[in-house]
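Work through the exercises below with the sequence and the coordinates open beside you. Each one sets a task and is followed by a solution that proceeds step by step.

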Amino acid sequence: MGEVVRFRRPSASQRHKGKTLCRNGFHKWEVVDRPFDSKQGRLVTRYRCSRCGATRVRAE
Ligand SMILES: [Zn+2]
């Protein structure tokens with residue numbers, strides 16, 4: 001009795017590959033929003049890596 005339930009999840013190698021890319025600086029940046037930076041007096045673009053969650057801000 002009792003079936004062995006096999007969870008289907010992203011393979012470890014797949015995820016590891018992504019993290020390796022991130023660690024090498026190849027993040028998968030996605031634009032979060034473009035708030036107005038009052039300090040710099042111009043628009044900035046906020047990015048977030050969809051893999052590791054790292055963030056960065058870039059002034060246009
Ligand atoms: Zn990343």
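**Exercise 1. Determine which residue of strand 4 stands opposite Tyr47, and describe how the strands around this pair are arranged.**

Step 1. Tyr47 stands opposite Arg56 in strand 4, where strands, like helices, are DSSP runs numbered from the N terminus (H or I over at least four residues for a helix, E over at least two for a strand). This is a predicted model, in which local features need a pLDDT of at least 70 and side-chain atom pairs count only at pLDDT 80 or more, whereas totals for chains, interfaces and linings use all residues. Residues are numbered from 1 along each chain as its sequence is written.

Step 2. A second pair in this register is formed by Arg46, which stands opposite Val57 in strand 4. Strand 3 and strand 4 pair in the antiparallel sense over five bridges, pairing being assigned if DSSP finds at least two bridges between two strands.

Step 3. The connection between strand 3 and strand 4 is a hairpin with five residues between them, and Gly53 in the turn has a positive phi of about 85°.

Step 4. On the N-terminal side, strand 2 (residues 36-37) pairs with strand 3 in the antiparallel sense over two bridges, and the bridge partner of Phe36 in strand 3 is Leu43. These two strands also form a hairpin, with four residues between them, and Gly41 in its turn has a positive phi of about 70°.

**Exercise 2. Place Trp29 in the fold: is this residue buried or exposed, or partly so, and what does it contact?**

Step 1. Trp29 belongs to strand 1, which pairs with strand 3 (residues 42-49) in the antiparallel sense over four bridges. Within this pairing, Trp29 stands opposite Cys49.

Step 2. Trp29 counts as partly exposed because it has 17 C-beta neighbours inside 10 Å; a residue is buried if 20 or more other C-beta atoms lie within 10 Å of its own, exposed if 12 or fewer, and partly exposed in between, with C-beta atoms placed from the backbone.

Step 3. Leaving aside neighbours within four places in sequence, Trp29 is in contact with Tyr47 and Cys49, a contact being two C-beta atoms, placed from the backbone, that lie within 7 Å.

Step 4. The number of buried residues among the five of strand 1 is zero, so the strand lies largely in the open.

**Exercise 3. Describe the surroundings of Arg58, and state how far its C-alpha atom lies from those of Val44 and Trp29.**

Step 1. Arg58 lies in strand 4 (residues 55-59), a strand that is hardly covered, since the count of buried residues among its five residues is zero.

Step 2. Arg58 counts as exposed because it has 10 C-beta neighbours inside 10 Å. Not counting residues up to four places away in sequence, Arg58 touches Val44, Thr45 and Tyr47.

Step 3. From C-alpha to C-alpha, Arg58 and Val44 are 5.6 Å apart in space and 14 residues apart in sequence, while Arg58 and Trp29 are 12 Å apart in space and 29 residues apart in sequence.

**Exercise 4. Characterise the protein chain as a whole, and explain why it is more spread out than a compact globule.**

Step 1. The secondary structure comes to one helix and four strands, which follow the pattern α-β-β-β-β along the sequence. The radius of gyration is 18 Å, well over the 10 Å that the globule rule gives for 60 residues, so the protein chain is more spread out than a compact globule; the radius is taken over C-alpha atoms, and the rule is 2.2 Å times the number of residues to the power 0.38.

Step 2. Along the principal axes, the C-alpha atoms fill a box of roughly 65 × 25 × 10 Å, and buried residues make up 2% of the 60 residues.

Step 3. Confidence should be read alongside these values: the protein chain averages a pLDDT of 86, with 92% of the residues scoring at least 70, where pLDDT is the predictor's confidence in each residue, from 0 to 100. The mean is lowest in helix 1 (residues 12-23), at 79, and highest in strand 1 (residues 29-33), at 96.
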